[in-house]
Amino acid sequence: MQKLHENIISLSPGECTPALIERCEDEYRTRLDRTASLICERVRGGSSPQLITLSGPSCSGKTTTVEKLRTDLAACGLRVFRVSIDDFFLTSEVSSDVSAYSEANGELDLDSEDAMDIPEFERFTGAVLSRESAALPQFDFNLQRRSGFRPVESSEFDVFIFEGIQASYPAVRRVLSPASPLFIFTDAASGVRIGDTEFSARRLRLMRRLLRDRLFRSASVEFTLQVWAGVVRNEQSSIYPARRYADALIDSSLAYEVCVLKEPLIELLGAVSTDFPLYSEVRGLLDDLSAVPSLSPSAVPADSMLREFIGDMQ
């Protein structure tokens, strides 16, 4: 495995083995351990509650990164509560003024800042900082609406981790800025070249998203591809600019993942009609995936970040 330059990892087809999976997982674990040590050092000396924000572009492994960090912080003796900012999506049953809809088919664009219920987010954050009882909204992705609230006793926790792409949004950062949160930015920052076939970092995130959206968000391949251009525009305008403020950067790239994603993606993409307007992109993915070796998902550890996108596939 060789780094060609800052953003591309080069592999020979023969390197795509279970041993590569083990090596990549160890490297990712090391990156997380360094960040956890930084957080423990800062949080231990501060007053409660301490706020941490974790952001990054779509499908950069934020959810798994938070869970692994939470385990490490618990080992430091800290009581940690994770807040998914996705739960603060604004939908029509909450307000009649919902303008965040995708151009593709009129469905709610959950990657837009306009989809955030900022007043509810302010109320929750204010209660947390005041050490009061708080009500955390719950968002149902399958129904695409708020399903209720979860009570949170903020005095029972030392650290609150606010996780989501929205942690980079100016409106969210304004709400949290009085607490001076520690800001972590995670990104699948490295592309992969296997033999003569190259997958950019952004393309790898799209591949992750195609599987995740189908498995966990009831979204078709066609829908995910249709909204992807808007997702990228939003990342460039509202997410990546915040990277320069990060206290810690985590690269969630896994060099082996193309080989694991290959077979489930080929099955998913193979069902797309050739009449689909973006079929050229589908065809390009199919052609490139056919040129790389396969690795069975069964070789991926159960606690791997990649499980965020492939679920319990074996």
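Here are some short exercises with worked solutions on the predicted model shown above.

## Exercise 1: Getting an overview

Find how many helices and strands the chain has, and what share of its residues count as buried.

**Solution.**
- Step 1. The chain has nine helices and eleven strands.
- Step 2. It is made up of 314 residues, and 53% of them count as buried.
- Step 3. Now look at contacts between residues with a separation of 6 or more: 75% of these contacts are between residues 24 or more positions apart.

## Exercise 2: The disulfide

Work out which cysteines form a disulfide and which parts of the chain they link.

**Solution.**
- Step 1. Sulfur atoms within 2.5 Å of each other count as a disulfide. In this model, the sulfur atoms of Cys-40 and Cys-76 are 2.2 Å apart, and the two residues form a disulfide.
- Step 2. By this rule, the count is one disulfide.
- Step 3. Next, place the two partners. Cys-40 sits in helix H1, while Cys-76 is in the loop between H2 and strand S4 (80-84); with their positions 36 residues apart, the pair links distant parts of the chain.
- Step 4. The angle about the S-S bond is 90°, and the link of Cys-40 and Cys-76 is right-handed.
- Step 5. Finally, check accessibility. Buried means under 20% relative accessible area. Cys-40, at 5%, is therefore buried, whereas Cys-76, at 24%, is partly exposed.
- Step 6. Two further cysteines can be sorted in this way: Cys-16 is buried at 8%, and Cys-59 is buried at 3%.

## Exercise 3: Helix H7

Check whether the length of helix H7 (residues 257-269) agrees with the expected span, then find where H7 bends and how enclosed it is.

**Solution.**
- Step 1. H7 has 13 residues, so at 1.5 Å a residue it should span 18 Å. The C-alpha atoms at its ends are 17 Å apart, which agrees.
- Step 2. The helix does bend, by about 40° at Glu-263. A proline, Pro-264, follows within four residues of that point.
- Step 3. Ten of the 13 residues of H7 are buried, so the helix is largely enclosed by the rest of the structure. Among the buried ones are Glu-257, Cys-259, Lys-262, Pro-264 and Leu-269.

## Exercise 4: From H7 into the core

Start at Leu-269 and trace the residues it is in contact with, then describe the largest nonpolar core.

**Solution.**
- Step 1. Leaving aside neighbours within four places in sequence, Leu-269 is in contact with Leu-210, Val-221, Val-282, Leu-285, Leu-286 and Leu-289.
- Step 2. The largest nonpolar core has 66 residues, and Leu-269 is one of the four that touch the most other members, along with Met-207, Tyr-256 and Leu-306.
- Step 3. Helix H1 (residues 18-44) gives this core its largest share, nine residues.
- Step 4. There is also a second, separate core of 28 residues, which includes Phe-157, Ile-165, Tyr-169 and Val-175.

## Exercise 5: Helix H6

Locate the kink in helix H6 (residues 221-239) and list what covers its buried residues.

**Solution.**
- Step 1. The kink is about 40° and is centred on Trp-228.
- Step 2. Trp-228 is one of the buried residues of H6, which also include Val-221, Phe-223, Asn-234, Glu-235 and Ile-239.
- Step 3. The cover over these buried residues includes strand S3 (50-55), strand S8 (182-187), helix H5 (201-216), H7 and helix H8 (279-290).

## Exercise 6: Thr-64 and Arg-150

Decide for Thr-64 and Arg-150 whether each is buried or partly exposed, and name their contacts.

**Solution.**
- Step 1. Thr-64 lies in helix H2 (residues 62-75). Its relative accessible area is 11%, so Thr-64 is buried.
- Step 2. Not counting residues up to four places away in sequence, Thr-64 touches Asp-303, Ser-304, Met-305 and Glu-308. With Glu-308, it shares a side-chain polar contact of 2.6 Å.
- Step 3. Arg-150 is found in strand S6 (residues 145-153). Its relative accessible area is 41%, so Arg-150 is partly exposed.
- Step 4. Leaving aside neighbours within four places in sequence, Arg-150 is in contact with Phe-81, Ala-134, Ala-135, Leu-136 and Gln-138. The C-alpha atoms of Arg-150 and Leu-136 are separated by 4.9 Å, although the residues are 14 apart along the chain.

How values were computed: Residues numbered from 1 in each chain as written. Predicted model: local features only at pLDDT ≥ 70, side-chain atom pairs only at ≥ 80, totals over all residues. Heavy atoms only, no water. Helix = DSSP H or I, 4+ residues; strand = E, 2+ residues; numbered from the N terminus. Expected span 1.5 Å × (residues − 1). Bend = angle between axes of the 7 residues up to and from the residue. Buried < 20%, exposed > 50% of the residue type's maximum accessible area, 1.4 Å probe, protein only. Polar contact = N/O pair within 3.5 Å; in protein donor to acceptor, adjacent residues only side chain to side chain. Contact = heavy atoms within 4.5 Å. Core = buried A, V, L, I, M, F, W, Y, C linked by side-chain atoms within 4.5 Å.
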